[in-house]
Amino acid sequence: MRWRTILPQHCVLMVTCLVTVLEAVPIDIDKTKVQNTQPVESAKIEPPDTGLYYDEYLKQVIDVLETDNHFREKLQKADIEELKSGRLSKELDLVSHHVRTKLDELKRQEVGRLRMLIKAKLDSLQDVGMDHQALLRQFDHLNHMNPDKFESKDLDMLIKAATADLENYDKTRHEEFKKYEMMKEHERREYLKTLDEEKRKEEESKFEEMKKKHENHPKVNHPGSKDQLKEVWEEADGLDPNDFDPKTFFKLHDVNNDGFLDEQELEALFTKELEKVYDPKNEEDDMIEMEEERLRMREHVMNETLDQQQFFTEDELKEYEKIISLQENELKKKADELQKQKEELQRQHDQLEAQKQEYHQVVQQMEQKKLQQGTPPSGPNGELKFEPHI
C-alpha cells in the first residue's frame, strides 16, 4: 500500500462515487475474458518515491505496521481527519511486541542517519562544538527526545509531517513544470531574435504548424467519465463494452489488491487518452507536457475540478524573463570583473618579463665591458670567473 494513497482519503470517496454514479447493474462476466482478477498476495508494486528526505523511513514504518492485521485494518478504514488528529496513533499501543521492536530498530537507524548527515554538514563547514540534540530538533518527523523507542508520538509526528509535506507535492510539480514551459518559450523567442526576417517568418510558420498538428487528434474523453472508463475496459482490458461493470473494472485495476485505486493506478487509467494526443515519435509532442496532463487528469478525478487554463500567462512569462535577465546581467558583471582581473594579471606578468629582459641585457653589457677592460668576468654574486688554461 502506498502512503500517498492513505493520506488523500478523498481518492477512496471518488472510487465509491464512481460505482454509484455509473449505476451499472451487476452482470455475469465471462471468466475466460478476465485474467488475474484476484492478484496473488505476493504481487507488489514498488511504491513511488515521495520526494521526502525521510522517504525510506516512512515506507519502512508503514510496511512494518501493515504486518499487524489489527493496525492494517484501522489504517485502511481511517479518514483524513483521524490521521491528522492523531487518533490513529493511539492504536500503536495495541500492536504486537514484535512490531514494536522492529519500529524501535527503524527509529534508531533513522536517528543515526540524521546524526551522520548533521556531522557531515558540520565537518564540511569546519564547525565544532555544536549540540547534535539541538540540531535534531529541526527534523519534525520523529521525537528526538527518545531516540531509542518508537512511541505513539513518533507515529503522530510522522503522519502530520508527511501529510503536510505531501499536500505540497503536486503544487511543487506544477511550479516546476511552469518554469520548464516558460524557459522553453523564452529560449524559442531568444532564438528567433538571432534570425533574419525571412528565417524568422519560416520558424514562426513552422511553430504554428506544429501546434495545429498537435491539436489534431482523436476525441479525448473527459477524465473519469463513463466513456473514458469503458474505453479502457474495451481497448486496454480487451473486454466487451456491453459487459462493462464498475465493480469488476475496479478489481482489474486495483493492481496491488489493497482495496484502493491509488494515484499510480489512477494515472495508469489515463494512458489510452494521453496516447491520442502525445506520441514520442512526433516532434510536436512534448512528453514532459504529457506527464503534466496525466497529473491534471488525476487531480480532476480526485477533486472534481479541471483547470482549463494555459500552463502560464504572458505576464508570468514576462516576469520570469525579467528574473532570467537579472541573473544574466549579474553573471555578465562577474564575467567582466574576472576578465579585467585576468587582463591586469597579464599586464603585470608582461611588465615583470620586460624588467627581467632589461636586467639580463644590463648584465650582459657589464660583462662585455669587463672583458674589454681586461677584468675577469664575475658571477651573479660577484665571484670571479676564470677561463680554463689551454
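Helix pairs whose axes meet at angles over 145 degrees count as roughly antiparallel, and those under 35 degrees as roughly parallel. In the predicted model described here, helix H9 (residues 169-193) and helix H10 (residues 197-215) pack at an angle of about 150 degrees. H9 and H10 are therefore roughly antiparallel to each other. The residues that make this contact are Glu185, Arg188, Tyr191 and Leu192 on the H9 side, and Arg200, Glu203, Glu204 and Phe207 on the H10 side. The axes of H9 and H10 are 10 Å apart.

The protein as a whole contains 16 helices and zero strands. Of its 390 residues, 34% are buried. When contacts between residues at least 6 apart in sequence are considered, 66% of them join residues at least 24 apart.

In soluble globular proteins, nonpolar side chains tend to be buried together. The largest nonpolar core of the model has 29 residues, and the members that touch the most other members are Val61, Leu65 and Leu103. At least two residues of this core come from each of helix H3 (55-65), helix H4 (69-77), helix H6 (97-124) and helix H8 (152-167). H6 gives the largest share, with seven residues. A second core, separate from this one, consists of 17 residues, including Leu239, Leu261, Leu269 and Leu274.

Two members of the largest core were examined further. Leu103 touches Val61, Val64, Leu65, Leu92 and Phe150, when residues up to four places away in sequence are not counted. Val61 is located in helix H3. The relative accessible area of Val61 is 0%, and the cut-off for a buried residue is under 20%, so Val61 is buried. With neighbours within four places in sequence left aside, the contacts of Val61 are Leu103, Leu106, Phe150 and Leu158. Val61 and Leu155 are separated by 94 residues in sequence, yet their C-alpha atoms are 8.7 Å apart in space.

The packing of H3 against H8 was examined next. The angle between H3 and H8 is about 125 degrees, and their axes are 12 Å apart. An angle of this value falls neither under 35 nor over 145 degrees, nor within 65 to 115, and H3 and H8 are therefore oblique to each other. Their crossing is left-handed. On the H3 side, Tyr57, Leu58, Val61 and Leu65 take part, and these residues meet Leu155, Leu158 and Ala162 in H8.

H8 itself has 16 residues, which at 1.5 Å a residue should span 22 Å. The C-alpha atoms at the ends of H8 are 23 Å apart, in agreement with that expected span. The buried residues of H8 are Asp154, Leu155, Asp156, Leu158, Ile159, Ala161, Ala162, Thr163 and Leu166. Leu155, Leu158 and Ala162, which meet H3, are thus listed among the buried residues of H8.

Ala268 belongs to helix H13 (residues 263-268). The relative accessible area of Ala268 is 49%, which lies between the cut-offs of 20% and 50%, so Ala268 is partly exposed. Ala268 and His253 are 15 residues apart in sequence, and the distance between their C-alpha atoms is 8.8 Å.

Notes
Residues numbered from 1 in each chain as written. Predicted model: local features only at pLDDT ≥ 70, side-chain atom pairs only at ≥ 80, totals over all residues. Heavy atoms only, no water. Core = buried A, V, L, I, M, F, W, Y, C linked by side-chain atoms within 4.5 Å. Buried < 20%, exposed > 50% of the residue type's maximum accessible area, 1.4 Å probe, protein only. Helix = DSSP H or I, 4+ residues; strand = E, 2+ residues; numbered from the N terminus. Contact = heavy atoms within 4.5 Å. Expected span 1.5 Å × (residues − 1). Axes fitted to C-alpha atoms, helices over the stretch in contact; angles between N-to-C directions. Left-handed = near helix turned anticlockwise from the far one by under 90°.
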